[in-house]
Amino acid sequence: MSFRKVVRQSKFRHVFGQPVKNDQCYEDIRVSRVTWDSTFCAVNPKFLAIIVEASGGGAFMVLPLSKTGRIDKSYPTVCGHTGPVLDIDWCPHNDEVIASGSEDCTVMVWQIPENGLVTPLTEPVVVLEGHSKRVGIVTWHPTARNVLLSAGCDNVVLIWNVGTAEELYRLDDLHPDLIYNISWNRNGSLFCSACKDKSVRIIDPRRGTLVAEREKAHEGARPMRAIFLANGKVFTTGFSRMSERQLALWDPESLEEPMALQELDSSNGALLPFYDPDTNVIYVCGKGDSSIRYFEITAEPPYIHFLNTFTSKEPQRGMGRMPKRGLDVSKCEIARFYKLHERKCEPIIMTVPRKSDLFQDDLYPDTAGPEAALEAEEWVSGKDAEPLLISLREAYVPSKQRDLKVNRKNVLHDSRAASAPTPTRAGASAPASATTSVSAPSSSISGSSLAMAGESGKLEEVTRELRLLRTLVKEQGERITRLEEQLGRMENGDV
């Protein structure tokens, strides 16, 4: 008698969440009460940033990860905005640079000191002015250095070169109503947006064109979200006509019907999705909920597979997620969330139980590293690149961060002259108090840098060159294996 499998095989079926002990939480933080559906929290392997209550303007707190326990009320904040801060985002290519959007209609970019703040930070490195209403969304380009996207309640999307403080593209006629969120795809060639008019749009920012659109992706009137997955599909959260919360998966090539649609419950909090491209797991956190649901996305129907739910007693005001390179691989930690309560921040660790203490290759494929794959001018000229990957086998060790530098050179006109596809939408240069540029050392593999490894500032360059060499060796090894298999088939007469 044959028995049919009724349980789907998945290495993430037993993922469980565990809050840390009280002494590892961040206590006595006055989390912002502003009515805006952002995460209010951003985290990277060095710092935790939380939007907080502030009198006479807007502020957010930046804490070194090690500064747990009670936070003194006099602890310095980043407080240069004249209106409440609505969204913050760490630069993926520099762990000491953070962008913030505010009700004062500006975007500011800040350089955080290496060891954290000792005095209030009031002077940003650059101010980006171009929105006529409050700025509710800021998100960095995933692969191009110094490229930042902002979206405001004026229904305008602006893309900036932070390195020269100029507006690269202004998309002001693609969204007729309030923009709820924006998500870049894996290589940053497109982004998708969720809008109050219930449409999900896929947009090419350099051409200023609408690639695809799905009207009434979710028929409910409450806020929805849309994010790109690594395979190019789009995942959305929203509400049905009966105000039931929904999840949906869409194929951009055919948006008429969703690939999958699931209804969750009848709560009224907006669902915030967090996606891990390495494991294809999506964590869904509802604002005001006390739970985190997680799902695995697969290539076979029904595509969205429920894994489990982490439940706690207190509702969440916001949520931040640690990038993969900041996790503890020795404990099989596949995600770490920073849950905001009313007056504290509580880390929650997601773990896959394993008996072995060895490095788990299947849980930790190479992940996006902190190096930019492109410069801003290369991206403007039409180039695209996948993220530069790093291995977590030796555990991620942050390299020394470079300070931001002022550079008034207008790269836009130079790159346009050399570009093949000419972008059809471009914005004018915006006024700014200062400008930033993170200079990238050459990625060519040379022997001279090894000779200068003992000199100050060369460690980062040598480390990167070693990583490149390892990648080349790996690729050549795979090529040799393929050729040997082909030769074997030819000798056996299979070809």
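Reader: Is Phe 40 buried or exposed in this model?

Author: The model is a predicted one. Phe 40 lies in the loop between β2 (26–27) and β3. Residues count as buried under 20% relative accessible area. The relative accessible area of Phe 40 is 3%, so this residue is buried.

Reader: What is the phi of Phe 40?

Author: Most residues other than glycine have a negative phi. Phe 40 is not a glycine, yet its phi is positive, at about 65°.

Reader: Which residue other than glycine in the loop between β17 (191–195) and β18 (200–204) has a positive phi?

Author: The loop between β17 (191–195) and β18 (200–204) holds a lysine. Its relative accessibility of 24% places this residue, Lys 198, in the partly exposed class. Phi is near 75° there, a positive value, and the residue is Lys 198.

Reader: Where is the cis peptide bond that leads to Pro 302?

Author: Most peptide bonds are trans. Pro 302 is placed in the loop between β26 (291–297) and β27 (304–311). The bond that leads to Pro 302 has omega near 5°, and this cis bond runs from Pro 301 to Pro 302.

Reader: Which strands form the edges of the open sheet with the order β3-β4-β5-β7?

Author: This open sheet has 4 strands, and their pairing is antiparallel. Neighbouring strands are turned by 20° against each other on average, direction ignored. Two strands pair on one side only, and these edge strands are β3 (41–43) and β7 (78–81).

Reader: Which residue in β4 is the bridge partner of Cys 41?

Author: β3 and strand β4 (residues 47–52) run antiparallel and are joined by 3 bridges. Within β4, the residue that partners Cys 41 is Ile 50.

Reader: Which strand gives the most residues to the largest nonpolar core?

Author: The largest nonpolar core has 57 residues. Among the members that touch the most others are Leu 48, Ile 50 and Phe 60. With 6 residues, the strand that gives the most to this core is β4.

Reader: Which residues of the second, separate core can be named?

Author: In soluble globular proteins, nonpolar side chains tend to be buried together. Apart from the core of 57 residues, there is a second, separate core of 24 residues. Its members include Ile 334, Phe 337, Phe 359 and Tyr 364.

Reader: With which tryptophan is Phe 60 in contact, leaving aside neighbours within four places in sequence?

Author: Phe 60 is one of the residues that touch the most other members of the largest nonpolar core. Its contacts beyond four places in sequence include Ile 50, Ile 51 and Val 52, as well as Val 78. The tryptophan in contact with Phe 60 is Trp 110.

Reader: What is the average twist from one strand to the next in the sheet with the order β20-β21-β22-β23?

Author: This is an open sheet of 4 strands with antiparallel pairing. Its edge strands are β20 (225–228) and β23 (260–263). From one strand to the next, the twist averages 15°.

Reader: Which residue in β21 is the bridge partner of Ile 227?

Author: β20 and strand β21 (residues 234–239) pair in the antiparallel sense over 4 bridges. In β21, the partner of Ile 227 is Phe 235.

Reader: How many disulfides are counted?

Author: A disulfide is a covalent bond between the sulfur atoms of two cysteines. The cut-off applied is that the sulfur atoms lie within 2.5 Å. For Cys 105, the closest cysteine sulfur is in Cys 153, 8.9 Å away, which is too far for a bond. The count comes to 0 disulfides.

Reader: Why is the pair of Tyr 169 and Trp 379 classed as edge-to-face?

Author: The count of aromatic pairs comes to 11. Planes over 60 degrees apart count as edge-to-face. The ring centres of Tyr 169 and Trp 379 are 6.0 Å apart and the planes stand at 85°, so the pair is edge-to-face.

Reader: How many residues apart in the chain are Tyr 169 and Trp 379?

Author: Both residues, Tyr 169 and Trp 379, are buried. Tyr 169 belongs to strand β15 (residues 166–171) and Trp 379 to helix α1 (residues 376–380). The pair links distant parts of the chain, 210 residues apart.

Reader: Which residues do ring pairs link into a cluster with Tyr 169 and Trp 379?

Author: Trp 184 and Phe 191 are both buried. Their ring centres lie 5.8 Å apart with planes at 75°, so this pair is edge-to-face. The residues that ring pairs link with Tyr 169 and Trp 379 are Trp 184 and Phe 191.

Definitions and conventions:
Residues numbered from 1 in each chain as written. Predicted model: local features only at pLDDT ≥ 70, side-chain atom pairs only at ≥ 80, totals over all residues. Heavy atoms only, no water. Pairing = 2+ DSSP bridges. Axes fitted to C-alpha atoms, helices over the stretch in contact; angles between N-to-C directions. Core = buried A, V, L, I, M, F, W, Y, C linked by side-chain atoms within 4.5 Å. Buried < 20%, exposed > 50% of the residue type's maximum accessible area, 1.4 Å probe, protein only. Contact = heavy atoms within 4.5 Å. Phe/Tyr/Trp six-rings, centres within 6.5 Å; stacked < 30°, edge-to-face > 60°.
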